[in-house]
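Visitor: Hi, I have a few quick questions about the rings and cysteines here. Can you show me the structure?

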Amino acid sequence: MEAIRKWWKIYVLLLIVSVFSTVFFYRKLMAEMAIVFGCVNIVLLILLIKQNQLLKDAELILDNCLLVVSSAVISTENGQERSVVEETVVSVFGILLGNKIYKWGSDGVHGVRLSSVAIEKAHIRLTFGDSTKTMGVRLLHGLVNEQEVLEVKEKLWRETGVIAKVTGW
């Protein structure tokens, strides 16, 4: 989250400098430089809009947090896996892995959906994707008693419609 917010601030600062530079060169009747900085303004504005959307998605995930864990293993359909040892936030709207966001349920019926959840003694496995690509995440959840597991299962079912499979408890 902090990396997303940091890049947002950098884009804002660069856009402000670029706008002032455009105005400066325009007033000095240096049209070529004003046009160059005008183009830079457009690019920075597009980057800022994209970063602002990432920031909103990250805040949505944090505001609707179900579980916070310290590490995760991400796997794709073709068997590639990578470990993430950053704070991982699981929400009913997606997962925030450090500064990477995987979201589901926000693009309608044909978008990315949470398809299955399996809660085991040490891990929770989430599978999500659309009709073309599926991904899985395995998290060390740190849930210590069956009551916590049942609360997470119930909240996932109410918010996403996915019934978690609980094994080993």
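Guide: Below we go through the aromatic rings, then the cysteines. Keep in mind that this is a predicted model.

Visitor: OK, how many aromatic pairs are there in the whole structure?

Guide: A search of the whole structure finds five. One of them joins F24 and F25.

Visitor: How are the F24 and F25 rings arranged?

Guide: They sit edge-to-face. The centres are 5.3 Å apart, and the planes make an angle of 70°.

Visitor: And F25, buried or exposed?

Guide: F25 is buried, at 15% relative accessibility. The cut-off for buried is under 20%. F24 is partly exposed, with a relative accessible area of 44%.

Visitor: Which residues make up the aromatic cluster with F24?

Guide: F24, F25 and F37 form one cluster.

Visitor: Let's switch. Why is the pair of Y102 and F128 called tilted?

Guide: Their planes are at 55°, so the pair counts as tilted. The ring centres lie 5.9 Å apart.

Visitor: Where in the chain are those two?

Guide: Y102 is in strand 6, residues 100-103. F128 is in strand 8, residues 123-129. They are 26 residues apart, so the pair links distant parts of the chain. Both Y102 and F128 are buried.

Visitor: What lies over the face of Y102?

Guide: K100 does, at 5.5 Å from the ring centre.

Visitor: Now the cysteines. How many disulfides?

Guide: The count is zero.

Visitor: What about C39 and C65, how accessible are they?

Guide: C39 is partly exposed, at 44% relative accessible area. C65 is partly exposed too, at 30%.

Definitions and conventions. Residues numbered from 1 in each chain as written. Predicted model: local features only at pLDDT ≥ 70, side-chain atom pairs only at ≥ 80, totals over all residues. Heavy atoms only, no water. Disulfide = S-S within 2.5 Å. Buried < 20%, exposed > 50% of the residue type's maximum accessible area, 1.4 Å probe, protein only. Phe/Tyr/Trp six-rings, centres within 6.5 Å; stacked < 30°, edge-to-face > 60°. Helix = DSSP H or I, 4+ residues; strand = E, 2+ residues; numbered from the N terminus. Lys NZ or Arg CZ within 6 Å of the ring centre and 35° of its normal.
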